[in-house]
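Below is a note on the model, written as numbered points. Please read each point against the coordinates.

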Amino acid sequence: MTTADEIEAVLGQSPSMIMLKQISALDEGCKTVLAHCPLAGFGYRDAGGVSRTTFIGGAPGFMRIHSPTRISFILPDGEAHGPVSFVFLLPGVGETLRVNGSVAKRKGAETFVDVEEAYVHCAQAVIRSRLWQPPAPASPAPEVEGEGPLRGPGVAEFLAAAPFLALSTWDKSGGSDTSPRGDRETVARILNGRTLVIPDRKGNKRADSLHNLLQDDQLSFAALVPGRSGVLHVSGRGSITDDPALLETMALRGTPPHAALLIDVEHAEVTASDAVARSRAWTPAAHLERGTVPDLMALVGDHLAANLAKAENGLLARVLKVVTGIPGISGLLRLVMNRAYRSGLRKEGYEDVEVGSPQRPAAEPAATNPLREVRIAEVRRETPSAVTLVLEDAERPGSFDFRPGQFFTLVTSIDGRPVRRAYSASSAPGAARLDITVKQVEGGLFSTHVHRNLRAGDRLSVRGPSGAFHADPAAAHEVVMVAAGSGVTPMMSIIRTLLAAPAAGRIALLYSNRSEQEVLFADELLRLEKKNPDRLSVTHVLTQERGRLDAAGVRSWFAELGQSEDARYYVCGPEALMDTVQGVLTGLGVPDDRVHQERYTSGADTTVTAAAPQEMVVKDDTQQVGSVVVEPGQTLLDAGLAAGLPMPYSCTVGNCGDCMVKLCGGEVAMNGPNCLTPRQKADGYILTCMSCPMSKVTLDIAEP
């Protein structure tokens, strides 16, 4: 099929009323949908003109609305140029909101888009695919004949289980369109190693994708499997066919589709998706409460009325406005629309059509996202190699509550992928702003990004607090601290907190740095020491002048302080210094339960991963609690959390040990260094936040 006349002969002409659903700017209903949407399919072309489709988001409100015609979001895996398009998904809701526009500008990782049109898409794709229903068992992956991208790791298996995709196309003038496609069990079928076919069943007759392909055959799509947090990315060239023999192979109860889309695949790859994983879209608690957003069919009525009024069809617009304003009419319209969906889909051959809204009742608790979105209020230079990020809530003012000495995990996107690092808070708890001090590490991915790229106004996410390294402000015992370099950051939080607590005891700090220029918080420590001469004493050691702090120096300082039977000792710094201090304290007879140490891991990224998805089975002692597919490059923890499994965790970067579980079967690649002891490793324990499966694995999450 190569002409618009041929397409319209099969599909029919698009009714004029369909186009009246479209508006040129976001109204209040659209803004509400975007504010509650955690996930969207996004179609764009990169700097080289290659078509790409991905899923963006991860939490409700990821799309920032600047005006009715300007929105922005974080695009973690590339740069978009020219016309772009979105299909916004609301977990538990059948209809989708589609928005088309063009890239206006980029600011760091944030992409700004000028909105040109928005409209509600019918629920048939979601209903056909059962997108929000419990996942059905996947069909066996077919044997793939011939060579080609569809023989790649995990691709055929993913397609066999994928009932839904977002398809992106463009017209000759550069306009973009991303539409939802769904079918029972398998939405795209493999013909050979480089060819896919997607049935085109009856819809709203807009047929944007088909008309676009007559003008520009380049396309891309991103497919989803309910229950999995991976995405299949496909790009290639498309054509349209009405070949009866081919259509008959996709018939449902004797009813074939009226046309099909043939794709010559150029690239196909299964990857982990941070947006899908963080959205928790497959958990029932993520489904919207009734009334949270306007019924999207009622939103269609609003758009129709607005366009009819502009078209000087005043009487019809007024009638429609009166009708939609009748109390309870929204529920009645929903019943009528659901009946129409059910009738139409049964005529196409679908059985067991589930059309009723699976939205959860208001009494069920909402899904919580452990990531907290923050903005940088200030970047404060502390030393030539260290800065403090002053963070505050991105949207609503709120306090940062933690125990002095604990750390937070910062999350951002660098070079198209999420990166996480743990940093101790240097401010006191309970304030509206959180101070995180970051020292530049040679070759450090995250610290280099902080020092070179981050500015006031930029956004990050934080998780936490985490860690057992903390002090009790209500305790009256003496506190003795030994720190080196950036190891002073948790000490600053403790010092600031204890000095504000009248009952707290005396504080002594031994602080080692290479030179005077590298002393973090030098002025603040001096000020606090002068203000509290009876409560705080600070002893500086500059290794450039007197050499490294050794056991003799530590022992001499302890002797000058005098030993207190109830003193608590806090140590943070390089491993060599911490081992030295521990040895001295052991020699002095200080019990281990009075010594607190904070050991940082390197924050290295997982580099050894399996090429294909792997299954993870999770049990709690003898009872199996669930299973999930772990995507290439995804950690066991991320996959388990995305599937709603009860995985223990806290920091997610290997520092706290809260995600330690027993590996009962299979093989994993685990990042190091991390906080596991040699004995724990020998006993078969792993950290799920640092581990990727190399085969099918079985974990026991029972408390070790």
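1. A residue is called exposed here when its relative accessible area is over 50%, buried when that area is under 20%, and partly exposed in between. Glu-185 has a relative accessible area of 52%, so it is exposed. The model is a predicted one, and every value in this note is computed from it.

2. Glu-185 also has a backbone feature to check. Its phi is positive, about 70°, although the residue is not a glycine. Glu-185 sits in the loop between β9 (176-182) and β10 (189-192). For context, most residues other than glycine have a negative phi.

3. Arg-130 is another entry of this kind: its phi is near 55°, a positive value in a residue other than glycine. Arg-130 belongs to the loop between α4 (124-129) and α5 (155-161). With a relative accessible area of 27%, Arg-130 is partly exposed, because the class between buried and exposed runs from 20% to 50%.

4. A further backbone item concerns a peptide bond. Gly-464 and Pro-465 are joined by a cis peptide bond, with omega about 15°. Pro-465 is part of strand β20. As a general matter, most peptide bonds are trans.

5. Strand β20 (residues 459-466) pairs with strand β15 (residues 372-383) in the antiparallel sense, over four bridges. Within this pairing, Arg-375 stands opposite Arg-459 of β20. The cis bond of the previous point therefore involves a residue of a strand, since Pro-465 lies in β20.

6. What else does β15 pair with? Strand β16 (residues 386-393) runs antiparallel to β15, and eight bridges join them. One of the partnered positions is Arg-381, whose bridge partner in β16 is Val-387. The connection from β15 to β16 is a hairpin through two residues.

7. Is strand β21 (residues 479-484) largely enclosed or open? Six of its six residues are buried, so the strand is largely enclosed by the rest of the structure. In a regular strand the side chains alternate between the two faces of the sheet. Both faces of β21 are covered: one side carries Val-479, Met-481 and Ala-483, the other Val-480, Val-482 and Ala-484, and all of these are buried.

8. β21 has parallel pairings with two strands. With strand β22 (residues 507-513) there are six bridges in the parallel sense, and Met-481 has Leu-509 as its bridge partner in β22. With strand β24 (residues 568-572) there are five bridges, again in the parallel sense, and Val-482 has Val-571 as its bridge partner in β24.

9. Gln-218 is a polar side chain worth inspecting by its surroundings. It lies in strand β12 (residues 218-224) and counts as buried, at 14% relative accessibility. Leaving aside residues up to four places away in sequence, Gln-218 touches Arg-45, Gly-49, Val-50, Ser-51, Thr-169, Trp-170, Gly-236 and Arg-237. For one of these, Val-50, the separation is 168 residues in sequence and 8.2 Å in space, C-alpha to C-alpha.

10. Ala-340 gives a distance of another kind. Ala-340 and Gln-544 are 204 residues apart in sequence and 80 Å apart in space, C-alpha to C-alpha. Ala-340 is found in helix α11 (residues 329-347) and counts as partly exposed, at 41% relative accessibility.

11. On the overall fold, the protein chain has 19 helices and 32 strands. Its radius of gyration is 29 Å, which agrees with the value near 27 Å that a compact globule of 704 residues would have. The C-alpha trace spans about 95 × 55 × 50 Å along its principal axes.

12. Of the 704 residues, 52% count as buried. Among contacts between residues at least 6 apart in sequence, 71% join residues at least 24 apart.

13. Surface and charge close the list. The protein chain exposes about 30100 Å², and carbon and sulfur atoms supply 50% of that area. There are 70 positive and 81 negative charges, and their mean positions are 3 Å apart.

Conventions:
Residues are numbered from 1 along each chain as its sequence is written. Side-chain values use heavy atoms; hydrogens and water are left out. The radius of gyration is taken over C-alpha atoms; the globule rule is 2.2 Å times the number of residues to the power 0.38. Buried means under 20% relative accessible area, exposed over 50%, partly exposed in between (1.4 Å probe, protein chains only). Contact means heavy atoms within 4.5 Å. Accessible areas come from the Shrake-Rupley method with a 1.4 Å probe; for residues, only the protein chains shown count as cover. Lys and Arg count as positive and Asp and Glu as negative; His and the chain ends are not counted. The place of a charge is taken as NZ of Lys, CZ of Arg, CG of Asp or CD of Glu. Two strands pair if DSSP finds at least two bridges between them.
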